Amino acid sequence: MTQASTSDSNRKVALLYPGNREARQNATPENSRFLKVFQALDALGAHAEPAVYHDDFRDEVRQQLLQKDGVLVWYNPSQGGRDRSGLDALLREVSAAGVFVSTHPDIILKLGTKEVLYQTRDLGWGCDTQLHLSLDQLKRELPAKLSAGEARVLKQYRGSSGDGVWKVESAAAQGAAIGDDTAVRARHAKRGCIEEKIPLREFFQRLEPYFAKDGKMIDQVYQPRLPEGMIRCYLVHGTVEGFGHQAINALHPAPAGAPPEAAPAPTPRLYHPPTLAPFQALKRQLEQEWVPALQRLFGISREQLPVLWDCDFMLGPKRETGE
């Protein structure tokens, strides 16, 4: 949005993010990482204030939110061992009372977990994607893929910053039988991790904690064009409002013939306006085809889409046309 409207003017908005009692008592727009969001809302004529949240003072935050027209939520569900169950119940409650919540917990369950990659695999942005509901299922199905020479990327149900994302491929000859003692090359996408050569049995042990709570992992074929970079599309509801481009990111391989530790470190993400010419085809496809298809699949209206969200893309196989 570029200018205030009558409906925006005098709206009362809370920006909710995690913190302790001291952070809540001292919270101001100026000492939060969301200062530019506060400033943008102020430019629209809306009054925005911090709403630092912790389960210890849940009722206090509840009373604050019930006095607002809307709340924008920044609360990672997995970072630092956090559990959003109490917060999600609170957000559902204030939403039912008429407060606009973005993103609503029910929408997050549809769009904000790795399972969305499986459910949308046929929309046009997907690839060979499997859903494993148990570690036993993964143990039964993964060896055949590795024996065929495929590299796979396994992702825990909920996570961020590469945590719980693994690339794995067999270290044996293609077509060789795969057993518990077969060596595999595995790499965790979490920052600072390098490729390891370990028995398949040990690799499965590494994955066991991811099935403890949510009981599922996503399994995708590795995209060999990963070294060409990743494109992040930043959206406001269904409109792309900017891009982030990162040349080197998690799981980037080491140069041919070099040891695993020679893999380059991630580069900074460079930010661009929505008018950046090289990404216009992606912008049109996302806005005109993929997001509407996503909405139809999950029964989500435009207003229910997150106020601010992003989609990350890697380059897939080229078509005969060169696209």
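This report describes the nonpolar cores of a predicted model and two individual residues, R232 and P209.

**Nonpolar cores**

The largest nonpolar core comprises 20 residues, and the members that touch the most others are L111, C233, L235, L286, W309 and F313. Two or more residues each are given to this core by helix 5 (105-111), strand 11 (230-236), strand 12 (239-246), helix 9 (280-298) and strand 14 (309-314). Helix 9 provides the largest share, six residues. Beyond its neighbours within four places in sequence, L111 is in contact with V116, L294, F298, I300, L305 and P306. Another core, of 18 residues, lies apart from the largest one; its members include W166, I178, L200 and Y210. In soluble globular proteins, nonpolar side chains tend to be buried together.

**R232 and P209**

The two residues are set out below by location and relative accessibility.

| Residue | Location | Relative accessibility | Class |
|---|---|---|---|
| R232 | strand 11 | 16% | buried |
| P209 | loop between helix 8 (200-207) and strand 10 (217-221) | 54% | exposed |

R232 counts as buried because its relative accessibility, 16%, is under the 20% cut-off. The side chain of R232 forms a polar contact with the side chain of D312, at 2.6 Å. Residues up to four places away in sequence being left aside, R232 touches G242, F243, G244, R269, D310, C311 and D312.

P209, by contrast, counts as exposed, because its value of 54% is over 50%. P209 and P50 are 159 residues apart along the chain, and 35 Å separates their C-alpha atoms.

Terms used. Residues are numbered from 1 along each chain as its sequence is written. This is a predicted model: local features need pLDDT of at least 70, side-chain atom pairs count only at pLDDT 80 or more; totals for chains, interfaces and linings use all residues. Side-chain values use heavy atoms; hydrogens and water are left out. A nonpolar core is a set of buried Ala, Val, Leu, Ile, Met, Phe, Trp, Tyr and Cys residues joined through side-chain atoms within 4.5 Å. Buried means under 20% relative accessible area, exposed over 50%, partly exposed in between (1.4 Å probe, protein chains only). Helices (H or I, at least four residues) and strands (E, at least two) are DSSP runs, numbered from the N terminus. Contact means heavy atoms within 4.5 Å. A polar contact is a pair of N or O atoms within 3.5 Å; within protein, one must be able to donate a hydrogen and the other to accept it, and residues adjacent in sequence count only if both atoms are side-chain atoms.
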